[in-house]
Amino acid sequence: MNVVAPLTVYDPDELERVSADLLAPIVRKIDDERIYPEDIMRAYGAAGAYGTHLAGPQGGTDLTTAILAMARASEECLSTGFCVWCQDTLGWYIASSDNDYLKTEILPKVARGQALGGTGMSNPMKAMGEIEPMRLKGERVEGGYRVKGLLPWVSNLVDDGYFGTMFHVEVPGSDTPKRVMAIIHAGWDGIKLKLDHEFVAMGGTATCNVQFRDVFVPDNFLLGDPAPAFIRRIRPGFTLLQCGMAAGIIKNCLELMKQVEGPLGHVNKYLEKQPADIEAAYDALVADVLEMAKTPYDESDAFYLRVLKARLAGGELAVEAAHWAQLHCGARGYVTHGAAQRRLREAYFVAIVTPATKHLRKMIAELEGTA
Ligand SMILES: Cc1cc2nc3c(=O)[nH]c(=O)nc-3n(C[C@H](O)[C@H](O)[C@H](O)COP(=O)(O)OP(=O)(O)OC[C@H]3O[C@@H](n4cnc5c(N)ncnc54)[C@H](O)[C@@H]3O)c2cc1C
(Lines give C-alpha, C1' and ligand atoms only; values in the text may rest on other atoms or scores of the structure.)
Protein backbone atom coordinates (compact mmCIF):
# COMPACT_ATOMS: atom_id res chain seq x y z
CA MET A 1 0.00 0.00 0.00
CA ASN A 2 1.28 3.46 -0.93
CA VAL A 3 0.86 5.44 2.32
CA VAL A 4 0.97 9.21 1.72
CA ALA A 5 2.67 11.48 4.28
CA PRO A 6 0.00 13.29 6.36
CA LEU A 7 -0.59 17.00 5.76
CA THR A 8 -0.90 17.70 9.48
CA VAL A 9 0.15 16.25 12.82
CA TYR A 10 -2.83 15.19 14.89
CA ASP A 11 -2.66 16.17 18.55
CA PRO A 12 -5.43 14.46 20.56
CA ASP A 13 -4.58 16.35 23.77
CA GLU A 14 -4.98 19.67 21.97
CA LEU A 15 -8.28 18.48 20.46
CA GLU A 16 -9.47 17.67 23.97
CA ARG A 17 -8.27 21.03 25.32
CA VAL A 18 -10.07 22.96 22.56
CA SER A 19 -13.26 20.94 23.14
CA ALA A 20 -13.30 21.07 26.96
CA ASP A 21 -11.70 24.45 27.69
CA LEU A 22 -12.66 26.61 24.70
CA LEU A 23 -15.82 25.12 23.20
CA ALA A 24 -17.74 23.75 26.22
CA PRO A 25 -17.93 27.14 28.03
CA ILE A 26 -19.51 28.91 25.03
CA VAL A 27 -22.00 26.35 23.68
CA ARG A 28 -25.00 28.30 24.99
CA LYS A 29 -23.66 31.50 23.50
CA ILE A 30 -23.23 29.79 20.12
CA ASP A 31 -26.82 28.53 20.32
CA ASP A 32 -28.46 31.68 21.73
CA GLU A 33 -26.53 34.33 19.86
CA ARG A 34 -25.87 32.33 16.68
CA ILE A 35 -22.17 32.96 16.87
CA TYR A 36 -19.93 31.13 14.41
CA PRO A 37 -17.00 29.74 16.46
CA GLU A 38 -14.34 30.62 13.88
CA ASP A 39 -11.48 30.66 16.42
CA ILE A 40 -12.42 27.17 17.55
CA MET A 41 -12.65 25.92 13.96
CA ARG A 42 -9.14 27.24 13.34
CA ALA A 43 -7.87 25.79 16.65
CA TYR A 44 -9.17 22.34 15.64
CA GLY A 45 -7.27 22.79 12.39
CA ALA A 46 -4.07 23.62 14.28
CA ALA A 47 -4.66 20.43 16.32
CA GLY A 48 -4.65 18.46 13.05
CA ALA A 49 -8.30 17.44 13.30
CA TYR A 50 -9.00 18.02 9.58
CA GLY A 51 -5.93 16.29 8.20
CA THR A 52 -6.18 12.62 9.16
CA HIS A 53 -8.47 11.39 6.36
CA LEU A 54 -6.83 12.97 3.32
CA ALA A 55 -4.38 10.36 2.06
CA GLY A 56 -6.49 9.75 -1.06
CA PRO A 57 -7.72 6.55 -2.72
CA GLN A 58 -4.23 5.01 -2.92
CA GLY A 59 -2.97 6.24 0.44
CA GLY A 60 -4.45 3.81 2.97
CA THR A 61 -7.14 6.29 4.05
CA ASP A 62 -8.92 5.63 7.35
CA LEU A 63 -11.75 7.90 8.57
CA THR A 64 -11.62 6.74 12.21
CA THR A 65 -9.81 9.72 13.72
CA ALA A 66 -11.82 12.25 11.67
CA ILE A 67 -15.10 10.68 12.86
CA LEU A 68 -13.99 10.55 16.50
CA ALA A 69 -12.73 14.16 16.44
CA MET A 70 -16.04 15.33 14.92
CA ALA A 71 -17.90 13.31 17.57
CA ARG A 72 -15.92 15.06 20.32
CA ALA A 73 -16.94 18.49 18.99
CA SER A 74 -20.56 17.33 18.51
CA GLU A 75 -20.64 16.05 22.08
CA GLU A 76 -20.43 19.68 23.16
CA CYS A 77 -22.16 21.51 20.30
CA LEU A 78 -23.73 20.28 17.05
CA SER A 79 -23.24 23.61 15.25
CA THR A 80 -19.50 23.15 15.73
CA GLY A 81 -19.61 19.41 14.99
CA PHE A 82 -21.41 20.13 11.72
CA CYS A 83 -18.85 22.79 10.79
CA VAL A 84 -16.15 20.17 11.42
CA TRP A 85 -17.99 17.85 9.01
CA CYS A 86 -18.20 20.64 6.41
CA GLN A 87 -14.46 21.25 6.68
CA ASP A 88 -13.67 17.52 6.58
CA THR A 89 -15.86 17.11 3.51
CA LEU A 90 -14.18 19.95 1.63
CA GLY A 91 -10.85 18.23 2.22
CA TRP A 92 -12.36 14.85 1.34
CA TYR A 93 -13.46 16.11 -2.09
CA ILE A 94 -10.04 17.48 -2.99
CA ALA A 95 -8.04 14.55 -1.59
CA SER A 96 -10.29 12.10 -3.47
CA SER A 97 -9.85 13.91 -6.79
CA ASP A 98 -7.18 13.66 -9.47
CA ASN A 99 -6.68 17.44 -9.39
CA ASP A 100 -3.01 18.10 -8.55
CA TYR A 101 -3.46 21.88 -8.56
CA LEU A 102 -6.11 21.77 -5.80
CA LYS A 103 -4.15 19.15 -3.87
CA THR A 104 -1.03 21.30 -3.90
CA GLU A 105 -2.47 24.80 -3.56
CA ILE A 106 -5.66 24.45 -1.48
CA LEU A 107 -5.67 21.12 0.36
CA PRO A 108 -2.82 21.85 2.82
CA LYS A 109 -4.60 25.07 3.91
CA VAL A 110 -7.91 23.21 4.33
CA ALA A 111 -6.22 20.42 6.30
CA ARG A 112 -4.75 22.96 8.74
CA GLY A 113 -7.90 25.08 9.07
CA GLN A 114 -6.14 28.04 7.45
CA ALA A 115 -8.76 28.02 4.68
CA LEU A 116 -12.32 27.28 5.86
CA GLY A 117 -15.27 26.02 3.90
CA GLY A 118 -17.64 23.20 3.15
CA THR A 119 -20.01 21.75 0.66
CA GLY A 120 -23.05 22.80 -1.36
CA MET A 121 -24.11 19.32 -2.36
CA SER A 122 -27.59 19.04 -0.81
CA ASN A 123 -29.34 20.32 -3.90
CA PRO A 124 -27.18 18.31 -6.35
CA MET A 125 -27.70 15.13 -4.29
CA LYS A 126 -31.45 15.70 -4.26
CA ALA A 127 -31.31 16.50 -7.99
CA MET A 128 -29.45 13.22 -8.65
CA GLY A 129 -32.12 11.45 -6.58
CA GLU A 130 -34.84 13.11 -8.68
CA ILE A 131 -36.19 14.89 -5.59
CA GLU A 132 -35.74 18.47 -6.84
CA PRO A 133 -34.28 20.30 -9.89
CA MET A 134 -30.59 21.24 -10.06
CA ARG A 135 -30.16 24.89 -9.10
CA LEU A 136 -26.80 25.67 -10.70
CA LYS A 137 -26.40 25.78 -14.49
CA GLY A 138 -23.06 26.10 -16.29
CA GLU A 139 -21.93 26.69 -19.86
CA ARG A 140 -18.58 25.87 -21.37
CA VAL A 141 -16.36 28.90 -22.04
CA GLU A 142 -12.67 29.25 -22.86
CA GLY A 143 -10.64 27.76 -19.95
CA GLY A 144 -13.57 26.73 -17.75
CA TYR A 145 -17.32 27.13 -17.14
CA ARG A 146 -19.58 30.10 -16.52
CA VAL A 147 -22.10 29.22 -13.76
CA LYS A 148 -25.31 30.83 -12.54
CA GLY A 149 -28.00 30.01 -9.99
CA LEU A 150 -28.52 29.95 -6.23
CA LEU A 151 -27.58 27.49 -3.50
CA PRO A 152 -29.87 28.04 -0.53
CA TRP A 153 -27.49 26.78 2.17
CA VAL A 154 -23.73 26.40 2.41
CA SER A 155 -22.36 26.24 5.97
CA ASN A 156 -18.96 26.97 7.52
CA LEU A 157 -18.57 29.58 4.82
CA VAL A 158 -16.54 32.77 5.26
CA ASP A 159 -15.79 35.43 2.65
CA ASP A 160 -12.50 33.86 1.59
CA GLY A 161 -13.71 30.27 2.01
CA TYR A 162 -14.15 27.39 -0.44
CA PHE A 163 -16.87 24.82 -1.08
CA GLY A 164 -17.52 21.90 -3.39
CA THR A 165 -20.65 21.79 -5.52
CA MET A 166 -22.08 20.59 -8.81
CA PHE A 167 -23.77 22.19 -11.82
CA HIS A 168 -25.59 21.02 -14.93
CA VAL A 169 -24.31 21.72 -18.44
CA GLU A 170 -26.65 21.32 -21.40
CA VAL A 171 -25.45 18.78 -23.97
CA PRO A 172 -26.47 19.70 -27.55
CA GLY A 173 -28.83 17.10 -29.00
CA SER A 174 -29.40 15.35 -25.64
CA ASP A 175 -32.14 15.62 -23.00
CA THR A 176 -29.67 14.61 -20.29
CA PRO A 177 -27.42 17.40 -19.06
CA LYS A 178 -23.82 16.74 -18.07
CA ARG A 179 -23.00 17.00 -14.35
CA VAL A 180 -19.78 18.74 -13.38
CA MET A 181 -18.38 18.95 -9.86
CA ALA A 182 -15.97 21.71 -8.81
CA ILE A 183 -14.49 23.64 -5.93
CA ILE A 184 -15.69 27.25 -5.74
CA HIS A 185 -13.98 30.16 -4.00
CA ALA A 186 -16.42 32.41 -2.15
CA GLY A 187 -14.41 35.48 -3.16
CA TRP A 188 -14.74 35.03 -6.92
CA ASP A 189 -16.45 37.69 -9.05
CA GLY A 190 -20.19 37.08 -9.26
CA ILE A 191 -20.49 35.17 -5.95
CA LYS A 192 -22.68 36.80 -3.31
CA LEU A 193 -23.06 35.36 0.22
CA LYS A 194 -25.97 36.15 2.52
CA LEU A 195 -26.02 34.72 6.05
CA ASP A 196 -29.17 32.71 6.81
CA HIS A 197 -29.84 32.19 10.51
CA GLU A 198 -33.57 31.53 10.49
CA PHE A 199 -33.28 28.10 12.11
CA VAL A 200 -34.47 26.79 15.49
CA ALA A 201 -30.92 25.55 16.18
CA MET A 202 -27.57 25.30 14.36
CA GLY A 203 -27.30 29.10 14.23
CA GLY A 204 -23.54 28.96 14.80
CA THR A 205 -22.83 27.33 11.46
CA ALA A 206 -22.10 30.38 9.25
CA THR A 207 -24.75 29.12 6.84
CA CYS A 208 -25.12 31.25 3.72
CA ASN A 209 -27.33 31.59 0.67
CA VAL A 210 -24.85 31.60 -2.19
CA GLN A 211 -25.82 33.42 -5.36
CA PHE A 212 -23.89 32.73 -8.58
CA ARG A 213 -24.06 35.48 -11.22
CA ASP A 214 -22.09 34.28 -14.25
CA VAL A 215 -19.25 32.99 -12.10
CA PHE A 216 -16.18 31.82 -14.00
CA VAL A 217 -15.03 28.41 -12.69
CA PRO A 218 -11.56 27.69 -14.13
CA ASP A 219 -10.62 24.19 -15.28
CA ASN A 220 -8.06 23.80 -12.50
CA PHE A 221 -10.90 23.91 -9.92
CA LEU A 222 -12.79 20.95 -11.42
CA LEU A 223 -13.16 17.74 -9.41
CA GLY A 224 -15.16 15.62 -11.83
CA ASP A 225 -16.06 16.45 -15.45
CA PRO A 226 -18.26 14.54 -15.96
CA ALA A 227 -18.95 13.94 -12.26
CA PRO A 228 -20.61 10.48 -11.90
CA ALA A 229 -17.42 8.41 -11.41
CA PHE A 230 -16.13 10.96 -8.88
CA ILE A 231 -19.47 10.94 -7.00
CA ARG A 232 -19.31 7.18 -6.74
CA ARG A 233 -15.81 7.48 -5.25
CA ILE A 234 -16.69 10.09 -2.60
CA ARG A 235 -20.22 9.13 -1.55
CA PRO A 236 -19.47 6.46 1.09
CA GLY A 237 -16.92 8.68 2.88
CA PHE A 238 -19.15 11.78 2.63
CA THR A 239 -22.02 9.90 4.29
CA LEU A 240 -19.98 7.91 6.79
CA LEU A 241 -18.24 11.02 8.12
CA GLN A 242 -21.67 12.42 9.11
CA CYS A 243 -21.96 9.60 11.64
CA GLY A 244 -19.44 11.53 13.76
CA MET A 245 -22.13 14.14 14.41
CA ALA A 246 -24.61 11.44 15.42
CA ALA A 247 -22.13 9.65 17.70
CA GLY A 248 -21.19 12.85 19.54
CA ILE A 249 -24.69 14.05 20.27
CA ILE A 250 -25.91 10.58 21.30
CA LYS A 251 -22.97 10.24 23.71
CA ASN A 252 -23.85 13.57 25.34
CA CYS A 253 -27.54 12.63 25.62
CA LEU A 254 -26.49 9.46 27.46
CA GLU A 255 -24.40 11.61 29.78
CA LEU A 256 -27.36 13.93 30.45
CA MET A 257 -29.54 10.94 31.38
CA LYS A 258 -26.87 9.55 33.69
CA GLN A 259 -26.36 12.94 35.38
CA VAL A 260 -29.93 12.87 36.73
CA GLU A 261 -29.89 9.24 37.91
CA GLY A 262 -29.03 10.43 41.44
CA PRO A 263 -31.81 12.96 42.00
CA LEU A 264 -34.44 11.47 39.66
CA GLY A 265 -33.54 7.77 39.23
CA HIS A 266 -36.29 6.63 41.64
CA VAL A 267 -38.92 7.91 39.19
CA ASN A 268 -36.95 7.88 35.91
CA LYS A 269 -36.68 4.11 36.24
CA TYR A 270 -40.34 3.95 35.12
CA LEU A 271 -39.48 5.51 31.77
CA GLU A 272 -39.63 3.09 28.88
CA LYS A 273 -36.03 3.70 27.76
CA GLN A 274 -33.07 3.73 30.12
CA PRO A 275 -29.51 4.91 29.40
CA ALA A 276 -28.39 1.26 29.05
CA ASP A 277 -30.86 0.75 26.18
CA ILE A 278 -29.57 3.76 24.25
CA GLU A 279 -25.98 2.86 25.10
CA ALA A 280 -26.30 -0.63 23.60
CA ALA A 281 -27.61 0.82 20.33
CA TYR A 282 -24.90 3.52 20.40
CA ASP A 283 -22.11 0.96 20.93
CA ALA A 284 -23.39 -1.18 18.04
CA LEU A 285 -23.63 1.86 15.75
CA VAL A 286 -20.14 3.15 16.58
CA ALA A 287 -18.59 -0.31 16.11
CA ASP A 288 -20.24 -0.65 12.68
CA VAL A 289 -19.21 2.88 11.59
CA LEU A 290 -15.60 2.52 12.73
CA GLU A 291 -15.27 -0.80 10.94
CA MET A 292 -16.49 0.81 7.71
CA ALA A 293 -14.22 3.83 8.34
CA LYS A 294 -11.24 1.67 7.39
CA THR A 295 -12.37 1.17 3.77
CA PRO A 296 -14.06 4.45 2.73
CA TYR A 297 -13.11 4.02 -0.93
CA ASP A 298 -15.04 0.76 -1.30
CA GLU A 299 -17.25 1.69 -4.28
CA SER A 300 -19.48 -1.39 -4.19
CA ASP A 301 -23.26 -1.00 -3.87
CA ALA A 302 -23.21 -3.45 -0.94
CA PHE A 303 -20.84 -1.20 1.02
CA TYR A 304 -22.79 1.96 0.20
CA LEU A 305 -26.01 0.27 1.33
CA ARG A 306 -24.39 -0.59 4.66
CA VAL A 307 -23.16 3.02 5.01
CA LEU A 308 -26.65 4.39 4.26
CA LYS A 309 -28.19 2.10 6.87
CA ALA A 310 -25.68 3.20 9.51
CA ARG A 311 -26.27 6.86 8.62
CA LEU A 312 -30.05 6.32 8.90
CA ALA A 313 -29.60 4.58 12.27
CA GLY A 314 -27.42 7.50 13.41
CA GLY A 315 -30.05 10.12 12.60
CA GLU A 316 -32.85 8.10 14.17
CA LEU A 317 -30.86 7.25 17.30
CA ALA A 318 -29.76 10.90 17.70
CA VAL A 319 -33.43 12.00 17.77
CA GLU A 320 -34.40 9.12 20.06
CA ALA A 321 -31.52 9.74 22.48
CA ALA A 322 -32.33 13.45 22.65
CA HIS A 323 -36.02 12.65 23.25
CA TRP A 324 -35.19 10.37 26.17
CA ALA A 325 -32.62 12.82 27.53
CA GLN A 326 -35.36 15.46 27.64
CA LEU A 327 -37.77 13.10 29.44
CA HIS A 328 -35.11 11.97 31.93
CA CYS A 329 -33.98 15.54 32.66
CA GLY A 330 -37.54 16.89 32.96
CA ALA A 331 -37.92 20.58 33.75
CA ARG A 332 -34.20 21.09 34.37
CA GLY A 333 -33.69 20.26 30.71
CA TYR A 334 -36.64 22.35 29.53
CA VAL A 335 -35.49 25.76 30.79
CA THR A 336 -33.86 28.14 28.31
CA HIS A 337 -30.35 27.25 29.49
CA GLY A 338 -31.13 23.50 29.70
CA ALA A 339 -28.85 21.27 27.66
CA ALA A 340 -31.57 18.69 26.89
CA GLN A 341 -33.81 21.07 24.91
CA ARG A 342 -30.80 22.32 22.94
CA ARG A 343 -29.75 18.76 22.15
CA LEU A 344 -33.31 17.92 21.08
CA ARG A 345 -33.38 20.86 18.62
CA GLU A 346 -29.91 19.98 17.36
CA ALA A 347 -30.60 16.24 17.04
CA TYR A 348 -33.29 16.79 14.43
CA PHE A 349 -30.63 18.35 12.23
CA VAL A 350 -28.80 15.01 12.00
CA ALA A 351 -32.04 13.53 10.68
CA ILE A 352 -32.80 16.31 8.16
CA VAL A 353 -29.40 17.28 6.76
CA THR A 354 -28.85 15.80 3.30
CA PRO A 355 -29.15 12.88 2.96
CA ALA A 356 -32.22 13.36 5.17
CA THR A 357 -34.10 10.41 6.70
CA LYS A 358 -36.61 10.32 3.83
CA HIS A 359 -33.84 10.59 1.21
CA LEU A 360 -31.87 7.80 2.93
CA ARG A 361 -34.95 5.58 2.96
CA LYS A 362 -35.48 6.29 -0.76
CA MET A 363 -31.87 5.38 -1.62
CA ILE A 364 -32.01 2.24 0.53
CA ALA A 365 -35.26 1.15 -1.14
CA GLU A 366 -33.70 1.73 -4.58
CA LEU A 367 -30.55 -0.25 -3.76
CA GLU A 368 -32.61 -3.07 -2.26
CA GLY A 369 -34.93 -3.07 -5.27
CA THR A 370 -38.04 -2.32 -3.23
CA ALA A 371 -38.61 1.30 -4.42
C1 LIG B 1 -28.70 24.78 9.48
C2 LIG B 1 -28.63 24.19 8.11
C3 LIG B 1 -27.39 24.11 7.49
C4 LIG B 1 -27.31 23.55 6.21
N5 LIG B 1 -26.09 23.51 5.61
C6 LIG B 1 -25.97 23.00 4.37
C7 LIG B 1 -24.70 22.95 3.72
O8 LIG B 1 -23.67 23.33 4.25
N9 LIG B 1 -24.66 22.46 2.46
C10 LIG B 1 -25.76 22.02 1.81
O11 LIG B 1 -25.66 21.61 0.66
N12 LIG B 1 -26.98 22.03 2.41
C13 LIG B 1 -27.10 22.49 3.68
N14 LIG B 1 -28.32 22.50 4.30
C15 LIG B 1 -29.48 21.89 3.62
C16 LIG B 1 -29.78 20.51 4.17
O17 LIG B 1 -28.73 19.61 3.88
C18 LIG B 1 -31.05 19.93 3.59
O19 LIG B 1 -31.04 20.03 2.19
C20 LIG B 1 -32.25 20.64 4.10
O21 LIG B 1 -32.25 20.49 5.50
C22 LIG B 1 -33.57 20.13 3.52
O23 LIG B 1 -33.45 18.78 3.21
P24 LIG B 1 -34.71 17.85 2.97
O25 LIG B 1 -34.19 16.67 2.22
O26 LIG B 1 -35.42 17.60 4.24
O27 LIG B 1 -35.61 18.68 1.98
P28 LIG B 1 -37.04 19.32 2.23
O29 LIG B 1 -36.97 20.27 3.36
O30 LIG B 1 -38.04 18.26 2.22
O31 LIG B 1 -37.19 20.11 0.86
C32 LIG B 1 -36.32 21.11 0.58
C33 LIG B 1 -37.04 22.02 -0.44
O34 LIG B 1 -37.92 22.89 0.27
C35 LIG B 1 -37.67 24.22 -0.12
N36 LIG B 1 -37.74 25.07 1.08
C37 LIG B 1 -36.77 25.34 1.92
N38 LIG B 1 -37.18 26.18 2.89
C39 LIG B 1 -38.45 26.44 2.63
C40 LIG B 1 -39.44 27.22 3.27
N41 LIG B 1 -39.15 27.95 4.36
N42 LIG B 1 -40.67 27.22 2.73
C43 LIG B 1 -40.96 26.50 1.64
N44 LIG B 1 -40.05 25.74 1.00
C45 LIG B 1 -38.83 25.71 1.48
C46 LIG B 1 -36.28 24.24 -0.70
O47 LIG B 1 -36.20 25.15 -1.72
C48 LIG B 1 -36.06 22.83 -1.17
O49 LIG B 1 -36.30 22.72 -2.55
C50 LIG B 1 -28.46 23.06 5.56
C51 LIG B 1 -29.70 23.13 6.21
C52 LIG B 1 -29.78 23.67 7.46
C53 LIG B 1 -31.12 23.71 8.13
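A residue is taken to be near a molecule if its C-beta atom, placed from the backbone, lies within 6 Å of that molecule. In this predicted model, 20 residues surround the ligand by that criterion. The closest are Ser 122, Trp 153, Ser 155, Thr 354 and Ala 356. By class, the shell around the ligand comprises 10 nonpolar residues, 9 polar residues and 1 charged residue. Two strands, β1 (117–120) and β3 (144–154), each contribute at least two residues to this shell. Domain 2 (120–226) and domain 3 (229–368) each provide at least three of the residues around the ligand.

These two domains belong to a division of the chain into three parts: domain 1 covers 12–115, domain 2 covers 120–226 and domain 3 covers 229–368. Between the C-alpha centres of domain 1 and domain 3 the distance is 19 Å. The contact between this pair involves 25 residues of domain 1 and 26 residues of domain 3. On the side of domain 1 that touches domain 3, the helices α2 (27–33), α4 (64–76) and α5 (78–96) each supply at least two residues. That side of domain 1 is made up of 12 nonpolar, 7 polar and 6 charged residues.

The overall dimensions may be considered next. The chain contains 16 helices and 8 strands, and its C-alpha trace spans about 70 × 45 × 45 Å along the principal axes. A compact globule of 371 residues would have a radius of gyration near 21 Å; the chain has 20 Å, and therefore agrees with that expectation. Of the 371 residues, 47% count as buried. Among contacts between residues at least 6 apart in sequence, 76% join residues that are at least 24 apart.

The interior can be approached through the largest nonpolar core, which has 109 residues. Within this core, Tyr 44, Ile 67, Met 70, Ile 183, Ile 249, Ile 250 and Ala 318 touch the most other members. Helix α13 (residues 301–329) gives the most to the core, with 12 residues. One of the core residues just named, Ile 183, shows what such contacts look like in detail. Apart from neighbours within four places in sequence, Ile 183 is in contact with Tyr 93, Ile 94, Leu 102, Ile 106, Tyr 162, Gly 164, Phe 221 and Leu 223.

Two individual residues illustrate opposite surroundings. Ile 30 lies in helix α2. This residue is classed as buried because 23 other C-beta atoms lie within 10 Å, where 20 or more are required. When residues up to four places away in sequence are set aside, Ile 30 touches Ile 35, Pro 37, Cys 77, Ser 79, Thr 80 and Gly 204. Ala 71 is not in that list of partners; the C-alpha atoms of Ile 30 and Ala 71 are 18 Å apart in space, and the two residues are 41 apart in sequence.

Thr 176, by contrast, is found in the loop between β4 (162–169) and β5 (178–185). Thr 176 is classed as exposed because it has 8 other C-beta atoms within 10 Å, and the exposed class holds residues with 12 or fewer. Thr 176 and Asn 220 are 44 residues apart along the chain, and 25 Å separates their C-alpha atoms.

How values were computed
Residues numbered from 1 in each chain as written. Predicted model: local features only at pLDDT ≥ 70, side-chain atom pairs only at ≥ 80, totals over all residues. Domains from an automatic or database assignment. Contact = placed C-beta atoms within 7 Å. Helix = DSSP H or I, 4+ residues; strand = E, 2+ residues; numbered from the N terminus. Nonpolar A, V, L, I, M, F, W, Y, C, P; charged D, E, K, R; others polar. Core = buried A, V, L, I, M, F, W, Y, C linked by C-beta atoms within 7 Å. Rg over C-alpha atoms; globule rule 2.2 N^0.38 Å.
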